[in-house]
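Good morning, colleagues. Please take a moment with the sequence and the structure before I begin.

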Amino acid sequence: MFPPIYHAHHGMYLEDLPFWQALAAEQPGPILELGCGTGRVLLPLQAAGHAVTGLDNDLDMLRFLLRRMPVGQSRRILLADMADYHLAERFQLILMPCNTLSTLAAEDRPRVFACLRRHLREGGCFAASLPNPLALTAMPARGEEEVEEFLEHPETGGVLQVSSAWKRTKQAFSVTWHYDHLRPDGMVERLSVRAHHSLARLETYRAELRQAGLEIEQVYGDFDLSEYSADAPNLILVAR
């Protein structure tokens, strides 16, 4: 039930797509997307003519993606742990969009970085986007539940109310999304999903990537290539 709702909510976000498209155009060759989910980034890249392999550990998300893919592309969709996969192909570009990097546990990140390094071609590029940990650290310790928007429920056509609440500690920022299906009979069906984001700083990612044999070459604060700062909305890393 969750993948269609997830896609209805997050699939509307298009702001970052030109950034990934431009990066792919600068790095001609096969692409691997880690944490491809329902294909919000993967499918536009494929439609632009790029050979994109998608990897995720959520079977339900991948089933939803496969139903939306062109015939013949399913062989490029893989169910695997991004810290432990073994592919014969090497990639010119490995992407981790959609805040996936910050959801990884600190103890898992070195294995994820080492695995993706093994799958990069010489001279290949790794890029990831995540919410700016400095901006999240500056926020209050708690945010009460607040309605954000109303969507069309992807399965019933009814009203889907989206709200969120969040809590911050010294180490992590946790956001809980509530999806309330407002039924015509007055009943409410609630689906709640929680995501935890590490508040690790740029210096931590730089050291961990260096340990894996990668060097951060560019850092941006948003997808318009603006400078990274404490109040930037994102932390975007490009490493080789």
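**Strand β1 and its surroundings**

Let us begin with β1, which is covered on both faces: Ile31 and Glu33 on one side, and Leu32 and Leu34 on the other, are all buried. Buried here means under 20% relative accessible area, exposed means over 50%, and partly exposed lies in between, with a 1.4 Å probe and protein chains only. Helices (H or I, at least four residues) and strands (E, at least two) are DSSP runs, numbered from the N terminus.

I should say at once that this is a predicted model, in which local features need pLDDT of at least 70 and side-chain atom pairs count only at pLDDT 80 or more, while totals for chains, interfaces and linings use all residues. Residues are numbered from 1 along each chain as its sequence is written, and side-chain values use heavy atoms, leaving out hydrogens and water.

Which strands stand beside β1? Strand β2, residues 52–56, runs parallel to β1 and is joined to it by four bridges; two strands are said to pair if DSSP finds at least two bridges between them. Within β2, Val52 is the bridge partner of Ile31. Between β1 and β2 the chain passes through helix α3, residues 42–47, and this β-α-β crossover is right-handed. Right-handed means that, with the strands pointing away from the viewer, the path from the first strand over the helix to the second runs clockwise. β1 also pairs with β4 in the parallel sense, over three bridges, and there Glu33 has Leu95 as its bridge partner.

**The nonpolar cores**

From β1 we may move to the core. A nonpolar core is a set of buried Ala, Val, Leu, Ile, Met, Phe, Trp, Tyr and Cys residues joined through side-chain atoms within 4.5 Å. The largest one has 31 residues, and those touching the most other members are Leu34, Met96, Leu101, Leu116, Phe126 and Leu237. Two or more residues come from each of β1 (31–34), β4 (91–96), α5 (109–118), β5 (120–131), α7 (202–211) and β11 (234–239). A second, separate core has 24 residues, among them Trp20, Met69, Leu95 and Ala127.

Leu34 deserves a closer look. Leaving aside residues up to four places away in sequence, Leu34 touches Leu55, Met82, Tyr85, Ile94, Leu95, Met96, Pro97, Thr100 and Leu116; contact means heavy atoms within 4.5 Å.

**Strands β6 to β8 and helix α1**

Let me turn to another region. β6 (142–152) and β7 run antiparallel, with eight bridges between them. They form a hairpin with six residues in between, and Gly157 in the turn has a positive phi of about 80°. β7 (159–168) is in turn joined to β8 by 10 bridges, again antiparallel, as a hairpin with three residues between the strands. Because seven of its 10 residues are buried, β7 is largely enclosed by the rest of the structure.

One can follow a path across these strands: Leu151 stands opposite Leu160 in β7, and Leu160 stands opposite His181 in β8. Is His181 buried or exposed? His181 is buried, with a relative accessible area of 7%. Its strand, β8, covers residues 172–182.

Helix α1, residues 2–10, holds a second histidine of interest, His9. His9 has 7% relative accessibility and therefore counts as buried. Beyond residues up to four places away in sequence, His9 touches Glu149, Leu151, Val162, Trp177 and Tyr179. The buried residues of α1 are Pro3, Pro4, Ile5, His7, Ala8 and His9, and their cover includes α4 (59–68), β6, β7, β8 and β9 (188–198).

**Two loop residues**

Two loop positions also call for attention. Asn99, in the loop between β4 and α5, has a positive phi of about 65° although it is not a glycine. Asn99 is partly exposed, at 28% relative accessible area. Leu225, in the loop between β10 (216–220) and β11, likewise has a positive phi, near 70°, and is partly exposed at 47% relative accessibility.

**The whole chain**

I close with the overall picture. The protein has seven helices and 11 strands, and buried residues make up 48% of its 240 residues. Among contacts between residues at least 6 apart in sequence, 60% join residues at least 24 apart. Along the principal axes, the C-alpha atoms fill a box of roughly 60 × 45 × 30 Å.
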